[in-house]
Amino acid sequence: MKITKVEAIPLRLPEEDIKYKSTGVNEALIVKVYTDEGIVGLGESWTNAIMGKAIIDAPFAWNASSGLGRIIIGENPLDINRLYEKMYKESFYLGRRGLIIQCMAAIDIALWDIAGKYYGAPIHKLMGGAYRDTLRCYASDTFRPTPEETFESARRYKEMGFTAAKYGWEPLGQNEKLDLALVQAVREGMGSENEIMIDCGCCYDAKTAVRRAKQFEEFNIYWLEEPVDNDDLEGYRRVAAGTSTRVAGGEGNNGLWQYKNFIDNSNADVIQIDLADNGITVGKKIAEYAELHHKQICNHYYSTPINLAAGIQFCAAIKNVEFLEYCVELGPIQDSLINEDIGAVNGYCKVGNAPGLGITLNEDTVEKYRVKDYVLK
Ligand code: MG
């Protein structure tokens, strides 16, 4: 079997619907990898869709500076490990963090999807088999503008059957009184019997983060996420040492070596991996390295159901997983992108057994939101 084409498809809402927000729902970047045997693999990169398309479509410049797609054309898609290294090597002058790694992730997911379809097995089987056949989801959302609205939202997720919920980002970090009221609202909305997580969205300096972590202890939060800036690993260590609450982080990292540094130096308890920014090949290595350090693993996901499908397959096959991140409110692109219903029922996602990712694209949605002939002005 040979790869014949790599297609990067940027999707974007109409300009009048683009909102300034912390969630990745305005756009999506889908990748299709075609083969000469008719199998097509699906992947996604959680990145700037137009920039990502350029990374994948760009021509060969020299042998360590090539667009990603052409590096793997003509190759056997089942050689997933080797092809990851080939892409890594032949693009290494373009940078070892960020966009390049994020776009390699989309191609890597598509190769795993092809392998699953070829062998007639779900991805978790190819990864060594499942530890679990359902995944406990936490409803993932951003804080509402007020504590009252946040309370109502959390109460609704509880009524939907979720036993855990995470809220984060703005308006957290504006002042102490509001921060405490927001977290209290989440706790009261979800009730004392359920778990809550708080995502700081890197809004604090280390001193404030330690203070908030201690203040939030009365609300019994399961983890405190990204309390300080991604580059402030000393700050992470100070927060981890200053509270009895688990500290989570990692979603801002791309690739094995950035994660190694994060795991070695942050003292975070929960390592979050966005598969649409890292891929399954490297995600598995990161999870296994984290396991050796007794860390909990969780997927990170705020993009499309392709990433959710990858997360379900991945989290089924990784040992130290307790929760699946599950975004409850996304957007029109994400809501209608696939034909299958892989969503949570009563707060749990079922681990699918269909080949590969087990999903197909709704091509009407792809055509509706596809960016055609984007011109940089
Ligand atoms: Mg987060």
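Aromatic rings make a good starting point: this predicted model holds 13 aromatic pairs. One of them joins Phe162 and Tyr326, whose ring centres lie 5.9 Å apart. From there we can move on to the magnesium ion, the salt bridges, the largest pocket and a few backbone details.

**Aromatic rings**

- The planes of Phe162 and Tyr326 meet at 35°, so this pair counts as tilted, the class between 30 and 60 degrees.
- Phe162 sits in the loop between α6 (147-159) and β7, while Tyr326 belongs to strand β13, so the two partners are in distant parts of the chain, 164 residues apart.
- Phe162 counts as buried because its relative accessibility is 4%, below the 20% limit.
- Tyr326 is also buried, at 13% relative accessibility.
- Ring pairs go on to link Phe143, Tyr157, Phe162, Tyr167 and Tyr326 into a cluster.

**The magnesium ion**

- Which residues coordinate the magnesium ion? They are Asp199 (OD), Glu225 (OE) and Glu251 (OE), at 2.0 to 2.2 Å.
- Along the chain, these donors follow the spacing D-x25-E-x25-E.
- Asp199 lies in strand β8, and Glu251 lies in the loop between β10 (246-249) and α10 (256-266), so the pair ties together parts that are 52 residues apart in sequence.
- Is Asp199 buried or exposed? Asp199 is buried, with a relative accessibility of 5%.
- Glu251 is buried as well, at 10% relative accessibility.

**Salt bridges**

- A search of the whole structure finds 25 salt bridges.
- Asp199 appears again here, as its side chain meets that of Lys166 in a salt bridge with an N to O distance of 4.0 Å.
- Lys166 is in strand β7 (residues 164-168) and Asp199 in strand β8 (residues 195-199), so this bridge links distant parts of the chain, 33 residues apart.
- Both Lys166 and Asp199 are buried.
- Glu176 and Arg211 form another salt bridge, with their closest N and O atoms 2.7 Å apart.
- This second pair also links distant parts of the chain: Glu176 is in helix α7 (residues 176-190) and Arg211 in helix α8 (residues 206-216), 35 residues apart.
- Why does Glu176 count as partly exposed? Its relative accessible area is 27%, which falls between the limits of 20% for buried and 50% for exposed.
- Arg211 is partly exposed too, with a relative accessible area of 46%.
- In the salt bridge between Glu367 and Arg370, the closest N and O atoms are 3.1 Å apart.
- Glu367 is partly exposed at 39% relative accessibility, and Arg370 is partly exposed with a relative accessible area of 25%.
- Salt bridges can also join up: Glu75, Asp79, Arg82, Lys86 and Glu90 are linked in a network of them.

**The largest pocket**

- How much space lies in the largest pocket? The answer is about 320 Å³.
- There are 20 residues lining the largest pocket, and Leu308, Tyr326, Cys327, Asp341 and Gly343 are the closest to its centre.
- Three elements each give two or more residues to this lining: α12 (305-316), β13 (324-327) and α13 (332-335).
- The lining is made up of 13 nonpolar, 4 polar and 3 charged residues.
- Tyr326 is worth finding in the structure, since this pocket residue is also part of the ring cluster described above.

**Loops and backbone details**

- The peptide bond from Glu170 to Pro171 is cis, with omega near 10°.
- Pro171 is located in the loop between β7 and α7.
- Glu218 is in the loop between α8 and β9 (223-225), and this residue is exposed, with a relative accessible area of 64%.
- Although Glu218 and Gln184 are 34 residues apart in sequence, their C-alpha atoms are 9.1 Å apart in space.
- Asn220, found in the loop between α8 and β9, has a positive phi of about 50° although it is not a glycine.
- Asn346 has a positive phi of about 50° too, and is not a glycine either.
- Asn346 lies in the loop between α13 and β14 (348-350), where it counts as exposed at 54% relative accessibility.

Notes
Residues are numbered from 1 along each chain as its sequence is written. This is a predicted model: local features need pLDDT of at least 70, side-chain atom pairs count only at pLDDT 80 or more; totals for chains, interfaces and linings use all residues. Side-chain values use heavy atoms; hydrogens and water are left out. Helices (H or I, at least four residues) and strands (E, at least two) are DSSP runs, numbered from the N terminus. Buried means under 20% relative accessible area, exposed over 50%, partly exposed in between (1.4 Å probe, protein chains only). On a 1 Å grid over the protein atoms alone, a cavity is a set of points where a 1.4 Å probe fits but cannot get out, and a pocket is an open set with protein on both sides within 12 Å along at least five of seven lines; lining residues have an atom within 4 Å of a point. Grid points are joined across faces, edges and corners, and a volume is the space filled by probe spheres set on the points. Ala, Val, Leu, Ile, Met, Phe, Trp, Tyr, Cys and Pro count as nonpolar, Asp, Glu, Lys and Arg as charged, and the others, Gly among them, as polar. Donors are N, O and S atoms within 2.8 Å of the metal (3.2 Å for Na, K and Ca); water is not among the atoms, so sites may look incomplete. Rings of Phe, Tyr and Trp (its six-membered ring) pair if their centres lie within 6.5 Å; planes under 30 degrees apart count as stacked, over 60 as edge-to-face and the rest as tilted.
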